[in-house]
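Student: I'd like a close look at one part of this structure, residue by residue. Could you walk me through a single spot and then work outward from there?

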Amino acid sequence: MSATGDEVELFTDGACLGNPGPGGWAALLRWHGTEKLLAGGEAATTNNRMELMAAIAGLEALKRPCSIRLTTDSRYVQQGIEQWLPKWRANGWRTADRQPVKNQELWRRLATACERHTVRWAWVRGHSGHSENERVDVAAREQAERFRETP
């Protein structure tokens, strides 16, 4: 999927059954009416890690630099990339209270993925009826269920 001068829409969500617990992520890419749904998960993870993985997977799936509108229901991801990341980098990947940044390897991967593209971030309230957010929420939960241990 590529775009030349056109905007790719990317909708992302992560889910976790317990936190930590089995988790899943999903990313829906849309360009000129063509859609591609990506999804995955892990047996032992956190919701924040799955939210990050959804954005990373969607951005990394694009073969060429694109203009992207990325919609997430995660304030953690949106605020992290827009507000906290520059400060973390300046502080040697430490928070304001000098603690190591959690999920640092995923933040670095997301930052690298963003560098290839022009990304506009948008936040939507989860479970509010936003159709694409509901779709990726269902797909992320399905992935989390796949990784749930059976008794």
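Tutor: Sure, let's start with Thr72 and the residues around it. If you skip the neighbours within four places in sequence, Thr72 touches Thr12, Glu51, Gln78, Trp121, Ala122, Trp123 and Val124. Keep in mind that this is a predicted model. As for where Thr72 belongs, you'll find it in strand S4, which covers residues 67-72. Is Thr72 buried or exposed? Its relative accessible area comes out at 1%, and because the cut-off for buried is under 20%, Thr72 counts as buried. There's a polar detail here too: the Thr72 side chain gets to the backbone nitrogen of Ser74, at 3.0 Å.

One of the Thr72 contacts, Trp123, has something else to show you. Arg75 lies over the face of the Trp123 ring, 3.6 Å from the ring centre.

Now for the aromatic rings. The model has five aromatic pairs. One of them is Tyr76 with Trp107, an edge-to-face arrangement with 5.2 Å centre to centre and 65° between the planes. Tyr76 sits in helix H2 (residues 75-90) and Trp107 in helix H3, so this pair ties together parts that are 31 residues apart in sequence. Both partners, Tyr76 and Trp107, are buried.

Trp107 also pairs with Trp88, again edge-to-face, at 5.2 Å between centres and 65° between planes. Here too the pair links distant parts of the chain, with Trp88 in helix H2 and Trp107 in helix H3, 19 residues apart. Trp88 is buried, as is Trp107. If you zoom out a little, ring pairs join Tyr76, Trp84, Trp88, Trp93 and Trp107 into a cluster.

For contrast, follow helix H3 to Glu115, since that helix spans residues 104-115 and includes this residue. What is the relative accessibility of Glu115? The value is 56%, so Glu115 counts as exposed. You can also set Glu115 against Gly18: they are 97 residues apart along the chain, and their C-alpha atoms are separated by 32 Å.

So, to put the two ends of this tour side by side: Thr72 is buried at 1%, whereas Glu115 is exposed at 56%.

Technical notes: Residues numbered from 1 in each chain as written. Predicted model: local features only at pLDDT ≥ 70, side-chain atom pairs only at ≥ 80, totals over all residues. Heavy atoms only, no water. Helix = DSSP H or I, 4+ residues; strand = E, 2+ residues; numbered from the N terminus. Buried < 20%, exposed > 50% of the residue type's maximum accessible area, 1.4 Å probe, protein only. Polar contact = N/O pair within 3.5 Å; in protein donor to acceptor, adjacent residues only side chain to side chain. Contact = heavy atoms within 4.5 Å. Phe/Tyr/Trp six-rings, centres within 6.5 Å; stacked < 30°, edge-to-face > 60°. Lys NZ or Arg CZ within 6 Å of the ring centre and 35° of its normal.
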